[in-house]
Structures are given as structure tokens and as C-alpha cells.
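Please open the model in your viewer and keep the sequence panel beside it. The tour below proceeds by selections, each followed by a short account of what is found there.

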Amino acid sequence: MASADNGQLPTSLEEVEALIRQLYSPGRSDQVVKTQETLQKLQRSPEGWHLASSLMNNKDQQIRFFAALTFIVKLNTDAKSLSEEDAEALLQTLISWLIQCLETSEGALVVRKLCSTLVAYFMQFSTSWEKCIKHLMYCLCTNETHPYRSLVEAPETAVLVQNLSDVQSVALFWVAATLVEEVGKTDSNSMKQHKFHRQVIPNVDDIVLLMSKYITNMHTESTDGKVKQEAMKCFQAWVSYSHRAFIDDEIVLEPLRNLIEPALACLLDDDLYETTVELFSDVLANYSKFLHSADFSFLKSLFNSPWAQERYERLIKGDFDFDSLQFGMFMIAFGDATVTDLTKDLEKDPQSQQFLSALSGLLGAEGYAIYEDKIYVPALEFWNTLVETMVDDIYSVEGEHPPWFRAAQTLVMQAIERCWRKSQFPPAEEFSSWDSVDRIAFKDARRDFSDLLQQFFLTIGMPLFQVFIDLIHKSAASMNWAELEASIYCLGSFADTVSEDSLRDEYLDKVFTPALLDLFTDPQTEVPRVTMQSFLDLVIGYSEYFKERTQALPKVLTFVFQATSSPALAKKASKAITRLCSDCRNILLPELGAFLQQYSNIASNYSLDGSVKEAVMEGIASIIQALENEEQRAAPLEQLLDFVESDVEQCLLLLSSIVPPEGDQYISETSDIDAGRGAMALDLGITALKCLAGVAKGIQVPDDGPVDLEKKESGPSTFWTAGDGSRVQQRIYSMMCRVYDTLGNRGEIVEEVCDIWRQGFREMEPGPFVMPPNMAAQFLMKANFQTPRLVRVITTACTLISGHRWGAELIEVLSALLTWIASLLHTLGEPGNDPELSQTGIEFLLRLLPKYSQVLLSHQPPSSLEFMFMFTLKALAGSEPLPKQAAADFWATFIGLPNQPEPLQGSINNAIQHLGPMLAQALVYNIGGHAARSELDKLSDPVKKLVVRQVNAKSWLEAALLDASFPSDKVSDKDKQLFLQKIMNLRGARGTNQVVREFWLACRGTNFAYVS
Amino acid sequence: MAANGQSFYELYRRSSIGMALTDTLDDLISERRIEPQLAMKILANFDRSITEVLAEKVKARLTFKGHLDTYRFCDEVWTFLIKDVTFKMENSSQTVQADKVKIVSCNSKRPGDPQ
């Protein structure tokens, strides 16, 4: 017997049946894959049709299912092989089979698949089976297969519908629903080509008559509820499809709308409630134009009926079962669809008022949001929509608020009050018992509420701000921490919104009062952690306020420094310190000594996270930056560096106590005994470097400072590089070296060191971290092929190239860096060996091009330069996307370089003449089908540059197109010539990308035209 | 139901995740592991899912300031060209600068949907 194992196809029907059984039985996954492959080969083979017919009468249900599946596969892949007669015969076979299935009470598995087969047939032969639904009705009614042409002899559809049994009706519903689902999935291009919508239209009247039989009340009593559900599901599928038909072709399937009213009445039928409410929720959310205005009126009154009241009460009392929640979603969908009318009718229509009040009530359902209350978030989204509507209409009536505005504002204020309650955290122990998804979602819901507040602020202004100030005072007085936290959180939401309001500070005076600050700093009062965190966020958000109102600053600083001692608050507190120090740097200058003292208290806390120390250092450094001149800055800066140095010393001391294994230049932490000390040393090293990075950030000159136009230019200061400040610079450099030289085998250390260098490179003014480029290069070139995160070091070197500060002295440094990069690429060998390194290496070369192309072209020895050029070409022709993109950028820039002075231009020309044919070959190899689709735009850039800048471009590209290495045999030489002609004629214009794309597609074949 | 009836913009196919998906589908077709029809359906699903996920799941936010250079509203598409833009990320003190930013925004509801 043939088996899937040896890849042979089965030779008898019995063998096929055995394989099918094997496929559907539990077994090893690799065996299943092999079996499936064998069966798929059979299905796709020319004998597939015969196989399906032979299997459809098998006594095994799974085999009959496979038979139907085989018909589908054949129809989808091989329908063109059928003649008109064959197609007709196939339809007869399928319908006969369906009749037989229904007569023999075949299980749903096979019948459903067979229904899908009939739909697959329709998708292939829709023009010759236009009225497929009526034809099927006719055949099922008579239990006989009639040829399609005899449909003219069939009775009226209404007669057929009355004679169909429930089982037959269900099968028809399955066919009809699958039909529109499949047509609905057709992509737009195929839809235009086959005009499926037009083929579906003739069936609408027929299926509506059948659905009507079960959906209208007349038939309710005598029919099985399941058939009615199938009818409703079919209606749902058709309504959904009608939306697609409307979008594509503006086709309105009017007969379907006749069923809306009876379908709405089904909401009251418990059996049909779930399907019906889902249907109308979707219609309201996606295609409310489908409904008549009378339907909206009906729905509005329905929501005010006792039936709705009962469901509403259940929901807000905490029943969040599926059907109850569905009702809430239904209400919201109706609200969304009619939000404009509801708000505009607020004053004159009590039903609108009542409905909106009910939607507001949804925000106050029982239970904690997310964890228990599942309707809160959707309801909040509705209120966000309503407020957005208000913002749109804010000045819609002759520059004034529209008349309904005030009533809407009142309603929104009620909604806000409910949201404020919902946003209050549960007790800490309860909150921590929730799972993380719920905790995150709860915080997300709070942020959605803050969005609403910001939007609503636009319509009402500072009175809303005042609401939360009052709530803060009220809850602080009663020490209701959950309320206080929520109020502080809400007030914090306005930080960006009110930043330019002239009254902001006056309002904030009422917030940052001594009484409130005392509450947070009083050691006798145990304020919960979340409330403290929110207050810290408030300080961060309004840090600019303290620049204007200095009286509150001392207490606030005491509070934030106190908070650094709590692990749970330290990060936020340090961030607050950074912000306060940065924003109030000039005011805090007299306190610099006290700050340094405060830091010494913090520094002694070894359990403190490195990023906390970094943030505090950054803050203090920003105060130092405010000192008038460089000389004054040096001394306090040295004091800060003392703290860092102490960490460095401690780190080295710990490391010195560990004996390194022989032959290891770095300290290894693999020894069990020393592992603890090694880890502690690493932490200290990272902290020290983080602190340096913090100082580097803080000491930077703010870019929004005033520019003194009268000031005489006296050239950049050399205080930090050659003057007294050079000692500071040397200290910084030495600390970086000492940590890096001992712990440079750790990626975290490399990252931190690079971060410090980058801070210096981005600085616009001379400073302690703005070191001469040779110092930076010397440091970076310590990295070798074994260095972890080497890519980070190279990208840092790239940043150095972009700095404009150093002028001509940079050239020598860049030459040395280029030699270093070249040696790294030599060691790497092929671009594919480490794509990330290759990419950054090429990007370094790319960065050199615009301003320092002489550095690249004068690289020695020439063989090394040639190696680098060849490296980029290999990357271009390779399969790795990142190096390929970098190489495409490199070549586009290199070919497009503006004219350079001699002899540089001569070198460039020589290089291009020598490498041009190879470049053209790499590009054509990609465009000829090798490249991924997403790379084509990038690859078009060098093509465009070649065409515009190089006279030999045409001959190079032509040779590459006709070369034996061209990857596709799907295009002729004529096609290639045409492509060449087109891109030459375009002369580098944007259209080249499209021509390249089309040619790539032609080379790949029609299978790849599935996406536009 | 929305999955069948509502059509979605194809604009996210040009995003990096969309392009990566298309490249992967191309590879699968090259290896004859799937048919283009399936690739098409997967992309249609992607159009829907990315739209829904971005709308529902992405909560990160940023603010930006800049000089509005040009704006237009054509065929239901807003286009803004902003110069000298500073982006401020949530939960980060660092800012990101850009010389020029183009914002293309489409109505979240396709034409034909309720407004």
C-alpha cells in the first residue's frame, strides 16, 4: 500500500480512504502533514473530480466530508478545465447529492460543506447559475434535480417557499448565507472583474421570501426555534453583505429592508434575542443607513419600554452575563448611531433626554470597572464620542454655542462625576489581587477618562478645572484617599491643556497650598502609595508653575526628596526632582549647596536604583548649568563627580577582590564564589555611568534659552578642553575608561558608555562632556569584534560624523575610525554573517559620503577600499533586508554626490566606472525577482541616480538584464528592452518606482499580482 | 458581522508590519505553500485587524508641537505638513525632533458608513 511516508500516491480508492481516515485521526503532527500533502496532490491532480464523485457516497461521514472538500478544491483551482456540459453535469451531481443528504438526514458537517461546495460552484459559474437560490428551492421542493434551464417551468417562489420543509429551508439558509459571505470576501479588483454583486441581486427576492416565512410573527408559533435562528443568521449575513454591495457599487438591496420591522420584533423573542440584538448592534455601528427613520423611532421607544427597563436595571445592578452585556452594547450602538440627533433634540424631546440619562447611568453600574463592570469602558467611549460632537459644534451657530449646548454640558458633567467615581482605585490589597491584564485595563480606562476631560475642557474651560480643585479639598479634608487620588489624577490630565491659560497659576495656587503639602509630608499621616504617586505626577505635570510661584517650592522639594527614600516612589520622585530643578534652575541656584548635601544622603543608599540617582544628578547638574560662567560651574561639578567616583572606586574595589581566570582580559563573573561581588560591581559600574549620563544631560545648555544678538562672537571657549575645566573632562574620561576597561565585556556597560558619548556629541556649546573627537575615537576604537553590542558603538561613531563642531580636525579622526570599521568588516567577511553589524558598518560609510567623501576615497590601502565597496555590493545582491537597504542608500548617495574638486572627483569617477557594471548587475538581479516586494522602492533610488548621473548606465543595465545570472525566465528579451527603455525615458522621475515594481511582478509571475 | 460587511482601508499595508507580512506571503507563494487567493484573504484580514487593534489596543500617546505649513482636505482625506516638529513621548522626558512631518488622516468610517 502506498503511504504518505514514501511520498507515493495511492493507487486504489481503498488506499485513499485509509489515508483520509488517517488524516482525521489523532496522530503525530509530521505524519499528518505528510498525509495531507499526499491527499492534496491527489485533490489537485486531474483525477480529483473523479475521486470526489467516487467518495461522496461512502458510508463514512469523514470521507463524504472530504469528497465535498475535494470538489471545492477542484472548483477553486481547476474550474477552467470543465466544458459547459461538464459544469452543468457537476451542478446536477451536487444538487442530487444535497437532496439525498436531506432525505437521509445527513449530519450538519457534510451538509454544510456541501452547501459551501455549491457556493464555490456559484463563484466559478455565476453567469450560468444566476438564480441559484430559486433553482435550489425548485429542486429541493420536488426532490428532483432539474436542469437550470427548466427553471422557467418552476412555480412562483412564494409557492415553492410554502412547500419547503424546515430541513430544506435550513440548507437553503446555509447556502444563501455562505454565498454572500464568500462574495463579501472577494477583493475589490476581482469584484470589478466578475461583477459578483450583479450576480447576487437576482437572488435577493427569493431568499427574502424564505426568510420572511420564519422571521415574521405569523410563523412563530408552529416553527422550531432553531430554524428561525438560522433564518435570522441568514438575514444577518445578507444585511452585512448589503453594506459591502453599497460601498462597492452603491447597490441597495431594498427587499431586505422589508424584513427590518419583523426582525426588530424578534428582539422580544427569547430564542431569537441574541442573534437579533447582535444583528442590529452591528447594523447600527456599521451601516445605520440601512434602517428607516421609522426604525429609529421604534428603537427609541423600545429603549423606553418596560422590556428595556427590566434589562437595563439588571445590567446596572451588576448582571454582566453575555445577554445582559449585549443589551448595554445595543444601547450604546444606538447612541453612537444617533448621537448628533440625540444631543440636538435634548431640549425638546423627553425620550432623547431619557435615553442619554440612561447611557450616563451605564457609567455607574455596580462593581469595579474592568474587573467587574464590563459596560463601563464601552459607555465611556460613547461619552467621548458625544463630547467630540460637542467640540465640533462648539461655535456652529453664528459663532455662539448652539441652544442645546447647556443641557448637553449638564449631562456630561453628570457623566464625569460617575467616571470620577469609577476611576477610584480599589484598596491596594484588592487591586493587587487582580490579574495584570485587568490592572492594566483599569489604568487604560482612567486614561480614556482623562481624554474625555481634556476634550470637554475645550467646551467649558476653567470651571471644569475648579471642579477637581474642590474635590481635592473635600477629599483631603475627609482624608478619603481614593477620592483624593482620583481628583489629583483628573486635575493632572489638564497639564498640557491649561499650560497657556493665563489663569492657570491662580487656580493652582488653590491646589499647592501649605495645608495640602503638609498632608503629604506629615510623617504621622500614612498616605497610600497610589495617592502619593499621583501627587508626584501632579508636581511633574505642573512643574513650570513653581517657576512663577516660588513660595511653594521648598515644601514641594522636601516632599519629593522625602519620597526618594521609598522604593515604590523613588523613580517618580527623582523624575519630579529633574523637572523641578530643570524648570526652576535659576531660582534654585542659591540652594545648590543644599542639593549637593541632599544628594549625599541619597548616594549612601546603595539599594537605590541607578536610574533614580541618574535623574537626581541630572536635576542638580541643570542647576549647575544655570551658573553664570564656566569657571563657576567647575567646582560644584567636581563635587558631583566625587559621588560618581566613589561608586567607580567601590566597583573597582569589588572587582579587584575577584581573581580572573587565566587568559581572560576582563573580570569574569562566572565563578560561583565571586558571583555576588561581580554582580554588585556590575550594578555599581552601571550606576556610575548612568549618573555620568545624567550629569551630561543636565549640564546641556537648554535649546529654548534667549539668544543675545548684541553679544560679540569670540569663538568657542576652550575652558573645558584646554583651560582649568580640562581637569573635569579628564576625570570624566578617566572614569569612563576605568569602568569600560574592566567591565567592557558587558553589554549594559557598553550601552551606558555610548549614551554618555552621545550626550556630548549632541551638545551645541562647549562643555565638560564635549570632548575632542580624537578622545572619543580613541575610546570607541577600543571595541573589537568580541565587544558586546558592537553595533551600538558603531552607531555612536556615526553620530560623531554628524557633529558639525570640529571642522577640519575631524578628518584625521574619521580616517582612523574608517580603518577601524574596515578591519571589523574584514573580520566579518560576508554581510550575511552578521546582518546588523553589516548594516551599521555600511551606514558608517554612508554617513561619511556627503561631507567627508575624501576620507573614504583616500582610505589606504586601496585593496581595503575595494573590499568595502565589494562588501556593499555583496550586501546589495544578498538576501538580508537590512544590509541591502543600507547598501542601496549608500550607492544612491555615492552615485548622486555633487561634483567634487579634483582630484577627488577623478577618484569617484574611477570607482564608478570600475564598479558601475557590478552595481547594475546587483540591482537588476534584485529587480528581476530576487528582491522582496518591500525593498523595491529602496532599490529604485540607486537606479534613478544611475540613469540621471551616468552616461554608461544604459549599457550597464542592458548587460545585466541580458546576463545569464538574470533570475527570471518569465520575461522575454523584448520585455527587458522595454523596461530599460521606460526607465531611461523617465530620467530618474518618481514613475521609475512603478516601472520597477511592474517589471519585478512580471519577473515573479502572475501569482504575485494579488496585491495592488 | 462587521468582518464581512465593512471594508477597511488598505493603507496599513504600506506600514512596516504590513510590508513584512506581504513579503512573507510572497515567500510562501514562491515555495508553493499557499495560493495567492489565500494571501489576498490574509491581507484583507490584516486590513481589518490592524485597524481594530490600533483603534482599541494602542494606548500609548504622544504630543507634538510644530509650525503648520500646509493643510488640505480633499476626498475625505486630511493632509497636514508640519515643519520643525518636536515630539514628546508619554512617560519619557526625551523629545524627538523632525524637520518635516506629513500627517495623512482618513475618516475612521469609510464612505457609506454612518458619519
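What follows is a walk through a predicted model, from one whole chain to the interface and then to individual side chains.

**Chain A as a whole**

Begin by selecting chain A and colouring it by secondary structure, which shows 51 helices and 0 strands. If you orient the chain along its principal axes, the C-alpha trace spans about 110 × 85 × 70 Å. Colouring by relative accessible area next, you will find that buried residues make up 54% of the 1012 residues in chain A. A contact map of the chain adds a further point: among contacts with a separation of 6 or more, 73% are between residues 24 or more positions apart.

**The interface of chain A and chain B**

Now show both chains and select the residues in contact across them, 45 from chain A and 37 from chain B. Together the two chains bury about 3,400 Å², and 45% of that area lies on carbon and sulfur atoms. To see which residues of chain A contribute strongly to it, select Asn286(A), Arg447(A) and Tyr1010(A), which supply 20% of the area that chain A buries against chain B, more than any other three residues.

Turn next to the charged and polar pairs that cross between the chains, where there are 6 salt bridges. For an example, display Asp496(A) together with Lys88(B), whose salt bridge has its closest N and O atoms 3.9 Å apart. Polar contacts across the interface of chain A and chain B, with both residues at pLDDT 80 or more, come to 6 residue pairs.

With the interface still on screen, highlight the helices of chain A that each supply at least two residues of the side touching chain B, among them α9 (166-185), α16 (273-286) and α25 (436-460). The largest share of that side, 7 residues, comes from α13(A), a helix that runs over residues 225-249. Colouring the side of chain A that touches chain B by residue class divides its residues into 13 nonpolar, 10 polar and 22 charged.

**Salt bridges within the chains**

Widen the selection to both chains, and the count of salt bridges comes to 54. A good place to look is the pair Asp319(A) and Arg314(A), which form a salt bridge with the closest N and O atoms 3.1 Å apart. Arg314(A) is partly exposed, with a relative accessibility of 28%.

Move on to helix α48 of chain A, residues 936-949, where Asp941(A) and Lys944(A) lie 3 residues apart, about one turn of the helix. Their side chains meet in a salt bridge at 3.7 Å, N to O. The two partners fall in separate classes of accessibility, since Asp941(A) is partly exposed with a relative accessible area of 28%, whereas Lys944(A) is buried with 15%.

For a pair in chain B, select Arg48(B) and Glu52(B), which form a salt bridge with the closest N and O atoms 3.8 Å apart. Both are in helix α3 (residues 36-56) of chain B, and because they are 4 residues apart, about one helical turn separates them. Glu52(B) is partly exposed, at a relative accessible area of 27%.

Returning to chain A, select Glu310(A), Arg311(A), Arg314(A), Asp319(A) and Asp323(A) together, as salt bridges that share partners join them into one network.

**A side chain in helix α26**

Centre the view on Asp470(A), which is placed in helix α26 (residues 462-478) of chain A. Asp470(A) is partly exposed, at 43% relative accessibility, and its side chain makes a polar contact of 2.7 Å with the side chain of Gln466(A). Adding Val511(A) to the selection shows a residue 41 positions away in sequence from Asp470(A), with 9.1 Å between the two C-alpha atoms.

**The cysteines**

How many disulfides does the structure hold over all chains? The number is 0. Select Cys266(A) to see one cysteine that is in no disulfide, the nearest cysteine sulfur being that of Cys234(A), 14 Å away. Cys266(A) is buried, with a relative accessible area of 3%. In chain B, Cys106(B) is also in no disulfide, and the nearest cysteine sulfur, that of Cys74(B), is 12 Å away. Cys106(B) is partly exposed, at 29% relative accessibility.

Key. Residues numbered from 1 in each chain as written. Chains lettered and ligands numbered in written order. Heavy atoms only, no water. Disulfide = S-S within 2.5 Å. Buried < 20%, exposed > 50% of the residue type's maximum accessible area, 1.4 Å probe, protein only. Contact = heavy atoms within 4.5 Å. Buried area = accessible area lost by both parts, 1.4 Å probe. Salt bridge = Lys/Arg side-chain N within 4 Å of Asp/Glu carboxyl O. Polar contact = N/O pair within 3.5 Å; in protein donor to acceptor, adjacent residues only side chain to side chain. Nonpolar A, V, L, I, M, F, W, Y, C, P; charged D, E, K, R; others polar.
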